[in-house]
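Let's take a walk through a protein structure together, starting from a single residue and working outwards. Have the 3D view open as you read, and look up each residue when its name comes up.

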Amino acid sequence: MLLISCPYCGDRPEIEFTYGGQAHLVRPADPSALDDQQWAEYLYMRTNTKGVHAERWRHARGCGRFFNALRDTTTDRFAATYKIGAARPDPAASEPTPGTAR
Amino acid sequence: MSKQTFSGLALIRRALTGHRDWRPQWRKAAPKPAYDAVIVGGGGHGLGAAYYLAREHGITNVAVLEKGWIGGGNTGRNTTIIRSNYLFDESAALYDHSVKLWENLSQELNYNVMFSPRGVMMLAHTVHDIQVFKRHVHANRCNGVDNEWLEPEEAKAFCPPLNIEGNMRYPVLGAALQRRGGTARHDAVAWGYARAADALGVDIIENCEVLGIRRDAAGRVEALETTRGVIRAGRVGVSAAGNTSAVLGLAGVRLPLESYPLQALVSEPVKPIFPCVVMSNTIHAYISQSDKGELVIGAGTDAYTSYTQRGALHINTHTLDAICELFPTFRRMRMMRNWGGIVDVTPDRSPIIAKTPVPGLYVNCGWGTGGFKATPGAAHVFAWTIARDEPHPINAPFTIERFRDGHLIDEAAAAAVAH
């Protein structure tokens with residue numbers, strides 16, 4: 001079980017959290033201006049990063065708040081957790097899956 | 001090296017001579033500089049595709065590249081359940097194609113894959129379950145796939161250890177039974193395909209990880225850079241399960257996949273007690289008994305994407321809670337081993353078996369939590385797709401473009417969690 005550091009509550013066991021998938025996905029401001037491929041990219045395409053992955057978590061059985069985390073998907077070790085709206089702490093540390101960087 | 005045929009007579013003859021002249025069942029091949037086709041991923045799907053390329057399409061200058069050892073990924077980590085009672089027409093056609101191949105696979109490969117159509121029973125615990133499962137029964141029958149509804153007493157008659165008393169949080173209200181479903185020996189599937197493919201000239205190359213995909217000026221796949229050197233290939237089929245995003249990323253192809261750990265566990269071996277496969281989507285349990293006597297139990301996926309091939313204990317505990325409620329007699333069983341595999345999940349929980357935007361590059365992925373059952377069928381239509389550069393009618397709907405065009409095959413909604 002993962003030990004996850006909620007930015008509001010501190011270290012808590014994984015069972016208090018729900019997972020929210022890839023972070024920093026921004027809903028297009030004007031969806032009707034997109035073509036089908038661009039809309040599918042937003043809806044379905046994910047980096048599925050093998051390495052440091054920016055992702056959303058929610059402290060559902062705690063404070064209830066969403067936050068973001070950096071976690072290495074090859075070790076499950078968390079590098080950082082940070083509040084929604086904050087910039088990704090150290091983008092240089094990330095090695096996205098080759099060819100899938102956006 | 002010619003293949004040694006297995007038979008009762010061969011077994012008796014070698015028993016008389018001390019079993020000293022059995023040969024290795026396939027060669028340990030070193031990579032040649034070039035192949036007509038290369039399959040990336042030496043699981044059942046990849047080895048099967050190589051076999052069908054050689055046998056059905058006459059393409060024998062083929063290599064299977066495996067970064068570890070064959071059958072060491074999800075082929076060796078699943079709970080070996082085989083069934084085809086999927087809701088949608090496209091899925092029923094694909095999975096039933098596979099079940100039909102399973103039925104004759106041991107004879108075809110001259111290798112006992114121990115296919116055992118002992119029946120797969122899916123339990124209903126709520127009014128919603130009853131309605132959904134009955135819908136599945138009717139839809140399956142329209143597609144020529146056997147599936148029948150059982151009342152709780154009939155379910156217990158089919159699987160005596162099952163608790164159908166009203167003392168459970170989610171009592172058993174009925175079940176859907178596919179009698180043609182069952183299990184097979186997972187390792188034997190990989191080994192059987194490897195042996196048969198090898199006999200047809202396919203090179204099986206282990207400890208060979210793909211590090212790069214080279215493309216020519218026209219964008220077509222030209223060669224693979226691997227840990228064992230550069231291998232030229234006219235066509236490349238990727239069948240790499242949880243690592244598919246990483247492999248296809250080497251060619252700049254993005255896929256709607258996320259890779260999650262999926263766990264399973266086995267108990268200590270006991271005498272035969274469990275005659276079939278039982279699944280419960282609602283309280284999340286999958287259980288059967290192997291021929292060694294272990295109870296083989298499937299747990300759920302972990303919540304987060306990962307490549308670690310392990311998961312959290314509470315996922316297993318959750319499943320064991322359900323198992324103990326359904327089968328109180330197993331409460332004192334001890335669990336012997338647990339493990340995880342990395343499964344590549346699509347948004348609609350249906351696979352992708354298709355051409356990619358890169359000419360000469362094909363992909364068979366997105367099997368999520370239920371790829372083992374599809375091994376022969378997926379391998380068969382994937383080989384067709386690679387050989388003819390166009391999909392077989394059965395896998396034609398399972399494209400990458402369906403996510404762009406909105407033609408999802410939404411078994412996610414149809415099956416909730418289970419595959």
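Two residues are in contact here when heavy atoms of theirs lie within 4.5 Å. Keep in mind as well that this is a predicted model.

With that in hand, look for B:Thr308, which sits in the loop between strand 15 and helix 9 of chain B. Leaving aside residues up to four places away in sequence, B:Thr308 touches A:Thr73, A:Thr74, A:Thr75, A:Asp76 and B:Ile342. With one of these, A:Asp76, there is also a polar contact, side chain to side chain, at 3.3 Å. Is B:Thr308 buried or exposed? Its relative accessibility is 11%, and buried means under 20%, so B:Thr308 counts as buried.

Now step back to the boundary between the two chains. Chain B brings 28 residues to the contact, and chain A brings 28 residues too. Together, chain B and chain A bury about 2500 Å², of which 55% is on carbon and sulfur atoms. Which three residues of chain B supply more of its buried area against chain A than any other three? They are B:Arg254, B:Tyr304 and B:Tyr307, with 31% of the area that chain B buries there.

What else holds a place at this boundary? Twelve residue pairs are in polar contact across the interface of chain B and chain A, counting pairs with both residues at pLDDT 80 or more. On the side of chain B that touches chain A, helix 8, strand 12 and helix 11 (402-405) each supply at least two residues. Sorted by character, the residues on that side of chain B are 13 nonpolar, nine polar and six charged.

Charged partners come next. How many salt bridges are there between chain B and chain A? The count is one salt bridge. The partners are B:Arg254 and A:Glu41, whose closest N and O atoms are 3.1 Å apart. To find this pair, go to helix 1 (residues 36-44) of chain A for A:Glu41, then cross to the loop between helix 8 (244-249) and strand 12 (258-267) of chain B for B:Arg254. Both A:Glu41 and B:Arg254 are buried.

The whole structure has 23 salt bridges over all chains, and two within chain B make good stops on our walk. In one of them, the side chains of B:Arg180 and B:Asp96 meet at 3.1 Å, N to O. B:Arg180 is in the loop between strand 6 (174-178) and strand 7 (182-183), while B:Asp96 is in helix 3 (residues 89-103), so this bridge ties together parts of chain B that are 84 residues apart in sequence. B:Arg180 is partly exposed at 21% relative accessibility, whereas B:Asp96 is buried, with a relative accessible area of 4%.

The other stop is the salt bridge of B:Glu225 with B:Arg214, where the closest N and O atoms are 2.8 Å apart. B:Glu225 belongs to strand 10 (residues 221-226) of chain B and B:Arg214 to strand 9 (residues 210-215), so the parts tied together are eleven residues apart in sequence. Both partners are partly exposed: B:Glu225 has a relative accessible area of 29%, and B:Arg214 is at 36%. Salt bridges can also share partners, and in this way B:Asp96, B:Lys100, B:Glu103, B:Asp146 and B:Arg180 are joined into one network.

Finally, turn to the aromatic rings, which form 18 aromatic pairs over all chains. One pair is A:Trp39 with A:Tyr42: the ring centres are 5.3 Å apart and the planes lie at 35°, so the pair is tilted. These two are three residues apart in helix 1 of chain A, about one helical turn. A:Trp39 is partly exposed, with a relative accessible area of 28%.

Another tilted pair is A:Trp57 with B:Tyr304, with ring centres 6.0 Å apart and planes at 45°. A:Trp57 lies in strand 4 (residues 52-58) of chain A and B:Tyr304 in the loop between strand 15 (295-301) and helix 9 (313-326) of chain B, so this pair joins two chains. A:Trp57 and B:Tyr304 are both buried. Ring pairs link them with A:Tyr19 and A:Phe78 into a cluster.

Note on methods. Residues are numbered from 1 along each chain as its sequence is written. Chains are lettered from A and ligands numbered from 1 in the order in which they are written. This is a predicted model: local features need pLDDT of at least 70, side-chain atom pairs count only at pLDDT 80 or more; totals for chains, interfaces and linings use all residues. Side-chain values use heavy atoms; hydrogens and water are left out. A salt bridge is a side-chain nitrogen of Lys or Arg within 4 Å of a carboxyl oxygen of Asp or Glu. Helices (H or I, at least four residues) and strands (E, at least two) are DSSP runs, numbered from the N terminus. Buried means under 20% relative accessible area, exposed over 50%, partly exposed in between (1.4 Å probe, protein chains only). Buried area is the accessible area (1.4 Å probe) that two parts lose on being put together, summed over both. A polar contact is a pair of N or O atoms within 3.5 Å; within protein, one must be able to donate a hydrogen and the other to accept it, and residues adjacent in sequence count only if both atoms are side-chain atoms. Ala, Val, Leu, Ile, Met, Phe, Trp, Tyr, Cys and Pro count as nonpolar, Asp, Glu, Lys and Arg as charged, and the others, Gly among them, as polar. Rings of Phe, Tyr and Trp (its six-membered ring) pair if their centres lie within 6.5 Å; planes under 30 degrees apart count as stacked, over 60 as edge-to-face and the rest as tilted.
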